[in-house]
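Subject: Structure handover and findings

Hello,

Here is the structure for your next round of work. Please open it first, then read the notes below it.

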Amino acid sequence: MTYPDLIGALLMGFSFLLVWAHPQVSANSQLRWVSFFTLGLHHCAAICNAFFFELRSNLYDATRFHRLAADPNQTANTDYALALKQVYQLFGVSHFLGEEVSVLAYALSIYFFLYLVRSLEVEEHAAGLLLLYGSLPSGVVHCSITLREPFQCFFFLTMVTSAVAFKERPGPWGAAGMLVSLWAIVLLHQALAVYAFLLLLIGLGWVFKDRKDFAVFLFLASMCAGPLLLPRIYNMLLDRSDAFRSVAQGEIGNYTAQYRSVVAGLAESEYGFSLDTSSLGGLLVTLPPVLILYQVAPLPWQIHRYVDLYAFAEVLLRLILFWGVYQNLRQAKPRVREILWFLIISCVGLDCLWALGTANWGTGSRHHLVAYPVWVAMGGSWLLSFQGDRDYRHLLERRRSRTREESESCPA
């Protein structure tokens, strides 16, 4: 074992200590074993991929990022590759070390995932929800190798949880968490710049919806600082993001067409439906089918390989989670319902952006991972409640009885 590999092994041990240090994990034996199990799956995937065999063949991005970071003669063309290069320059080049950095991102995401579960008041299902999140096969594979997905997932989680924390208790930490997370999202994928800007506006509007005095103060501060900061932020986004530049120049249709043309024809899992960007009318007509296909492809008649069968299983799981979100939304308390609406808007907006640049369900399986833990936190409790009751009619009966008791206890 080389010195960089040893650093990777130490990072593995540190990740277990990090998860064990979480108060909720250390106090709950079931949650502790689920945390260790899912983290162990990610470590096993990293070990297999680094020393034995590729878990997913022909995954060009993972190989490219590692090569750009490892080769001192090549310039890293993305911020993720540049950050990985800094790790390799500090500790030495090791494929295993690079993958363990990705697993560390998953270990850190457990903290924010459990905070979101607690905010949604479904703590009794915390272990089952974490198992749903951490043991998804595509998540174990893609979040344990040198890809951007584990960090995109982590910073998306930090963004929405920071907004929820900021809503409940306004302060500098929540605001800093939102800004740092959104900036990291932009650095990880330049196409997310437009989404990050819109999500910041939506998040701030949601946070200060019921705090008019603080909102007025923030508005006045923005009016004073805006003329100085906004032009710099705008020019910086223009330089860093082709997607933001295309929106600013009114050429989003051409940019989307060029981006999809690059990924089209590279996989056998094509949707079989094209996005018409030649006109505004064509875009409006073809956009809804593309968004739907992004969520439900492959359809049953498109299944030709074993990997397509797995992708179809993920589709079924995704639809069940969506139904669970709907059911939880109907039954939630006003405070939880408000959080659910913010999370739904955040996830749907992200999925819509991914759908514009996704032409096959193979790439879609990676893009779905970013918002997946939030969908699990929102809708997974319904699935676990359904499975935990042997006779679903009894569950419905108890819910109706509880609703009657609550209505009778509340004064008219």
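A salt bridge here is a side-chain nitrogen of Lys or Arg within 4 Å of a carboxyl oxygen of Asp or Glu. The structure holds eight of them.

Two notes on the source before the details. This is a predicted model, so local features need pLDDT of at least 70 and side-chain atom pairs count only at pLDDT 80 or more, while totals for chains, interfaces and linings use all residues. Residues are numbered from 1 along each chain as its sequence is written, and side-chain values use heavy atoms, with hydrogens and water left out.

Two terms recur. Helices (H or I, at least four residues) and strands (E, at least two) are DSSP runs, numbered from the N terminus. Buried means under 20% relative accessible area, exposed means over 50%, and partly exposed lies in between (1.4 Å probe, protein chains only).

Salt bridges

Start with R366. It forms a salt bridge with D61, and the closest N and O atoms are 3.1 Å apart. This pair links distant parts of the chain: R366 sits in helix 18 (residues 361-388), D61 in helix 4 (residues 60-70), and their positions lie 305 residues apart in the count. Both R366 and D61 are buried.

R366 also meets E149 in a salt bridge, at 3.4 Å from N to O. E149 belongs to helix 9 (residues 149-168) and R366 to helix 18, so this pair ties together parts that are 217 residues apart in sequence. E149 is buried, as is R366.

A third pair is R335 with E168, at 2.6 Å from N to O. R335 is in helix 17 (residues 334-356) and E168 is in helix 9, so the pair ties together parts that are 167 residues apart in sequence. R335 counts as partly exposed because its relative accessibility is 35%. E168 counts as partly exposed too, at 36%.

Which residues do shared partners join into one network? They are D61, R64, E149 and R366.

Cysteines

A disulfide is a pair of cysteine sulfur atoms within 2.5 Å. A search of the whole structure finds zero. C44 is in no disulfide, and the nearest cysteine sulfur, that of C48, is 6.4 Å away. C44 is partly exposed, with a relative accessible area of 47%. C153 is in no disulfide either; the nearest cysteine sulfur belongs to C143, 5.7 Å away. C153 is buried, with a relative accessible area of 2%.

Nonpolar patch

Patches are made of residues with over 30% relative accessible area and no salt bridge: like charges are joined within 9 Å, nonpolar side chains (Val, Leu, Ile, Met, Phe, Trp, Tyr) within 5 Å. Accessible areas come from the Shrake-Rupley method with a 1.4 Å probe, and for residues only the protein chains shown count as cover.

M1, Y3, L6, L10, L90 and F91 make a nonpolar surface patch of about 690 Å². Helix 1 (3-20) and helix 5 (79-91) are the elements that give two or more residues to it. Helix 1 supplies the largest share, three residues. L6 lies in helix 1. L6 counts as partly exposed because its relative accessibility is 40%.

Helix 11

Helix 11 covers residues 193-207, 15 in number; at 1.5 Å a residue it should span 21 Å, and its end C-alpha atoms are 21 Å apart, which agrees. The expected span is 1.5 Å times one less than the number of residues. The buried residues in helix 11 are A193, Y195, A196, L199, G203, W206 and V207. They cover an arc of only 145° around the axis, so they fall on the same side of helix 11. The arc is that of the directions from the helix axis to the C-beta atoms.

Backbone and contacts

A cis peptide bond joins A297 and P298, with omega about 5°. P298 lies in the loop between helix 15 (280-296) and helix 16 (306-331).

E121 is not a glycine, yet has a positive phi of about 60°. E121 lies in the loop between helix 6 (95-119) and helix 7 (126-134).

H42 is in helix 3 (residues 29-52). H42 is buried, at 2% relative accessible area. Its C-alpha atom is separated by 5.5 Å from that of S144, 102 residues apart along the chain.

Best regards
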